[in-house]
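Biologist: I would like a close look at a single part of this model. Pick one helix, go through its packing, and then set it against the rest of the chain.

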Amino acid sequence: MRRRPSPPLRARSRAGTPRSRRPDDEHRQEGGRQLSTEPTPAPAEDAAETSPPAEPLLAPRDGLPPVIETSTQLVEYAAALRGGSGPVAVDAERASGYRYGQKAYLVQMRRKGSGTGLIDPVPLPDLSVVQDAVADAEWVLHAANQDLPCLAEIGLVPSRVFDTELAARLAGLPRVGLGAVVESLLGYTLQKGHSAADWSTRPLPEEWLVYAALDVEVLVELRDALAAILEEQGKTDWARQEFEAILAAGPPAPRVDPWRRTSGVHGLRSRRQLGMLRSLWEARDDMARRRDVAPGRVLPDSAMVSAVQADPVNEGALLELPVFRGRANRRLVATWFGAIARGRSLPEADLPPHSRSGDGPPPVNRWADRDPAAATRLQAARAGLAELSEKHSVPVENIVSPDLVRRIMWSPPEDRDAAAVAGALRAGGAREWQVELTLPVLTEAVTKA
């Protein structure tokens, strides 16, 4: 394998690229740049002449380690981690779309002097021995919010994190997916194709394990490259505050009315139909949980919506619908028809409303009619935030929460001065760097009308 390029030097050359030389932004969100997680486009011909082609990473540099699936192996690797140095690269693989919930089915770790560990949490559901070994180290993850909840379930909770996806956003990179950032800053291409696999499969195929090991192979190098860019741009403290906020946020709160996320729900017009869908969704969810199967594999969303729209009068009529003709659903027809019947017979007072009531402002497209002054304030805020986004090369949704901006513009503080706006921002969870950066723009916007 060729000598790896120096991350800081490569990072500086990318960080110094003038804004006009970066790829045009095809989409905008909330008045600012919207990043993509798609692979980085092929470079222009002149860039290709000066930059070496990306080298594919096909195998772990130290060879593929055996999967850790016994307590003895786990204790040995924990000791190796404790004897290592520097940050710890961490990743987890789930079985989204195959199993119920977001449980981790493989945990990958790598530390200088310790090597890579592929830990199977199925036979080893308690990883506290690993936690004790690296509790004080900085953990490097990509899109930490996705993995931290499932890691916490098996006893892995960091005290410090470095999120390479979030760092890439703050650094202004045009693509923030792991493969794209590794290729852009380190000059390597990662394998693709197994992120959506059923990681509950046992035994895990070797090619999947290679893919998993490579996900942490250069994560610490990537962290160093991004840290160099952030330092050069004066954003190191921004990143620190963001990483601390990730840990402080804790696990996400349970969704309210999760059945409303059913694909196609907007095709149902009456409260009675919504009540039938809710009942059917709850029956499916209960069965999926008991079977540990993704709900969509028990009964597709489209089948539930179609059944509600058809409103079958008996089990036979339900079996006439396409999805319900299959062998599995024929056996469950009593369950599905019973759920529909329960929703159909609900008292009017128990039917769900057409939309979930919330404590936030109405949809933005209604502001001009309901409160023209608020619409004017929001327009001014968006314009100012878009300028900040371009100036600092940070997506506007990372500069400040768009939902928080809407709330402040819809219901401004009584005293429309900087102190009151700063208080509203902090109360809404904005970090100090966000308050400092956006306060002049938002204070001016709340006085527009």
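Modeller: What follows starts with one helix and its partner, then moves out to the chain and its salt bridges. Keep in mind that this is a predicted model.

Take helix H20, residues 402-410. Which of its residues are buried? They are Pro402, Leu404, Val405, Arg406, Ile408 and Met409. An arginine, Arg406, is among them. Several elements help to cover these buried residues. Among them are H17, helix H18 (372-392) and helix H19 (396-399). Helix H21 (418-427) and H22 also belong to the cover.

Now look at H22, which spans residues 432-446. How do H20 and H22 pack? Their angle is about 35 degrees, and their axes lie 10 Å apart. The crossing of H20 past H22 is right-handed. From H20, the contact uses Val405, Ile408 and Met409. From H22, Leu442, Ala445 and Val446 take part. By class, the contact has 6 nonpolar residues, no polar ones and no charged ones. Arg406 is buried in H20, but the H20 residues that make this contact are Val405, Ile408 and Met409.

The spacing of such contact residues has a simple background. An α-helix has 3.6 residues a turn, so residues three or four places apart point the same way. On H20, Val405, Ile408 and Met409 face H22 in contact. These three H20 residues are also on the buried list.

Next, the setting. The chain holds 22 helices and 10 strands. Of its 449 residues, 46% are buried. Consider the contacts with a separation of 6 or more: 71% of them join residues 24 or more positions apart. The exposed surface comes to about 22300 Å², with 50% supplied by carbon and sulfur atoms.

Then the charged pairs. The whole structure contains 23 salt bridges. One of them joins the side chains of Arg110 and Asp62, at 3.1 Å from N to O. Arg110 sits in strand E6 (residues 104-112). Asp62 sits in the loop between strand E3 (55-56) and strand E4 (67-68). The two are 48 residues apart, so this pair links distant parts of the chain. Are the partners buried or exposed? Arg110 is buried, at 13% relative accessible area. Asp62 is exposed, at 56%.

A second pair is Arg223 with Asp224. Their closest N and O atoms are 3.3 Å apart. Arg223 counts as buried, at 18% relative accessibility. Asp224, at 35%, counts as partly exposed.

A third pair is Glu348 with Arg271, at 3.5 Å from N to O. Glu348 lies in the loop between helix H16 (333-344) and helix H17 (367-370), and Arg271 lies in helix H11 (residues 271-291), so the bridge ties together parts 77 residues apart in sequence. Arg271 is partly exposed, with a relative accessible area of 24%. There is also a network of salt bridges, which links Arg61, Glu217 and Glu221.

Helix H11 has another residue to check, Ser279. Ser279 is buried, with a relative accessible area of 9%. Which residues does Ser279 touch, leaving aside neighbours within four places in sequence? The contacts are with Ala339, Arg342 and Gly343.

Back to the starting point: H20 meets H22 through nonpolar residues, and H22 is one of the elements that cover the buried residues of H20.

Technical notes
Residues numbered from 1 in each chain as written. Predicted model: local features only at pLDDT ≥ 70, side-chain atom pairs only at ≥ 80, totals over all residues. Heavy atoms only, no water. Axes fitted to C-alpha atoms, helices over the stretch in contact; angles between N-to-C directions. Helix = DSSP H or I, 4+ residues; strand = E, 2+ residues; numbered from the N terminus. Left-handed = near helix turned anticlockwise from the far one by under 90°. Contact = heavy atoms within 4.5 Å. Nonpolar A, V, L, I, M, F, W, Y, C, P; charged D, E, K, R; others polar. Buried < 20%, exposed > 50% of the residue type's maximum accessible area, 1.4 Å probe, protein only. Areas by Shrake-Rupley, 256 points an atom, 1.4 Å probe, with all protein chains shown as cover. Salt bridge = Lys/Arg side-chain N within 4 Å of Asp/Glu carboxyl O.
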